[in-house]
Amino acid sequence: MEFENTLDFARKMDREDNLKQFREEFLFPTFAGKNPVYLTGNSLGLQPKRTREYILEELDEWHKYGVEGHFDAKRPWYSYHELLTEKTAKIVGALPEEVVVTHSLTTNLHLLMVSFYRPEGKRTKILCEGKAFPSDQYALESQVKFHKLDVKENLIEIFPREGEHLIRESDILDKIAELGETLALVMIGGVNYYTGQLFDMKTITEAGHKVGAIVGFDLAHAAGNINLKLHDWQVDFAAWCGYKYLNSSPGGVSGIFVHEKHAYSTDLPRFAGWWGYNKEKRFKMEPGFDPMRGAEGWQLSNAPVLGMAAHLASLEIFEQAGMDKIGAKRDKLTAFLEFVIRNVSDKNRERCSFEIITPADISKRGAQLSILVHGQGKELFNKLSQKGVIADWREPNVIRIAPAPLYNSFEDCYRFGESLEDSI
Ligand SMILES: Cc1ncc(COP(=O)(O)O)c(C=O)c1O
């Protein structure tokens, strides 16, 4: 598609956008002026207008029923999480029984690794991406230590080659083959948080399985962003947070996926809690853990209803819009933003340049673009902020931006370019 870096062109694209009405569903921050350009949905998604109503409803139910709200509330709290299951399954390409919304992301990664990282004999190693999000690094390290194994020897990180920004997928596949029967687990971020690189989860899963390893993904930057097919790809397990592309409130609830081939197993080791216990018998309060079948069996605690209410409000919007349309707009919007940045960079070559390190191939990225700023640093970012652009700065010189298809417009992308040029 031919783009033009003009306001008229951006507005024309907005008029033709079949998701444009969803922008009205969201509240935009007010601290940065009247009409901010919010491009940080990859960090914290915006608040849907209906979230307040959904939370207030639960506060009213709590007022009205007290403890009886567990069963008598309009949406009974006892089974509140079940309201989220089908909507979540559609977003990540799973069967409903393969997903559950519960806890927070790092907690879920640990709970899943307790079940799926089971080093035995020679098969002890974990393969992950180099410079994974720190919480993942700590989680992986501590899992290795938990099994009294040496971290250096057993946590294998795969980095971009010298002078490159992205990890070559062929290097991941070669490493999996090389590690062979010593590989217990592949655990990678489906979309890298720093570069926005999207990994081919299907191929990585196949390669891991070929050598007998388990394959799991952290989908913090993929859920609600990428068109996922976790079930068909045969991914063993995954977890994600609700507060980025899924707009489900700061620190909001997380989701987990356990493939049906494992979800019904009662033999897998797991850290148990009463909410993962056989629903029919839960209130008999009997000793001896009998796990619920499906991903629900990994729940520990009863649902934090206020966080779940926020999640429900957002998931309804996703259901109305549909991931296919969201994905189609994501690619157009991101490509337009990329065009605008390159155009600004070309026009200002003498003073500075912007290098987009995110893959140019749209099948290898989602909504995020990570821009290396050559020649100017944090000062440029600060100027951008003063102009009402809400973006994300990562040391030493990377600006991360992500147009979220549900609420960002082509005009936002144009205005980002305008502010970028003014800030040089
Ligand atoms: C890739 C990735 N993993 C893990 C986390 C940690 O999430 P939480 O604090 O919800 O456990 C984040 C948070 O931004 C993340 O981006």
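Leu59 is partly exposed, at a relative accessible area of 31%, where partly exposed denotes the range between buried (under 20%) and exposed (over 50%), computed with a 1.4 Å probe and protein chains only. This residue is placed in helix α2, helices being DSSP runs of H or I of at least four residues and strands runs of E of at least two, numbered from the N terminus. The model is predicted, and local features therein need pLDDT of at least 70, whereas side-chain atom pairs count only at pLDDT 80 or more and totals for chains, interfaces and linings use all residues. Residues are numbered from 1 along each chain as its sequence is written, and side-chain values use heavy atoms, with hydrogens and water left out.

The largest nonpolar core (buried Ala, Val, Leu, Ile, Met, Phe, Trp, Tyr and Cys residues joined through side-chain atoms within 4.5 Å) comprises 65 residues, and Leu230 and Trp240 are among those with the most contacts inside it. Helix α11 (residues 305–321) supplies the largest share of this core, 9 residues. Apart from it lies another core, of 33 residues, including Leu39, Phe381, Trp393 and Ile424.

The protein contains 14 helices and 15 strands. Its radius of gyration, taken over C-alpha atoms, is 22 Å, close to the 22 Å given for 424 residues by the globule rule, which is 2.2 Å times the number of residues to the power 0.38; the protein is therefore as compact as a globular protein of that length. Along the principal axes, the C-alpha trace spans about 70 × 60 × 35 Å, and 58% of the 424 residues count as buried.
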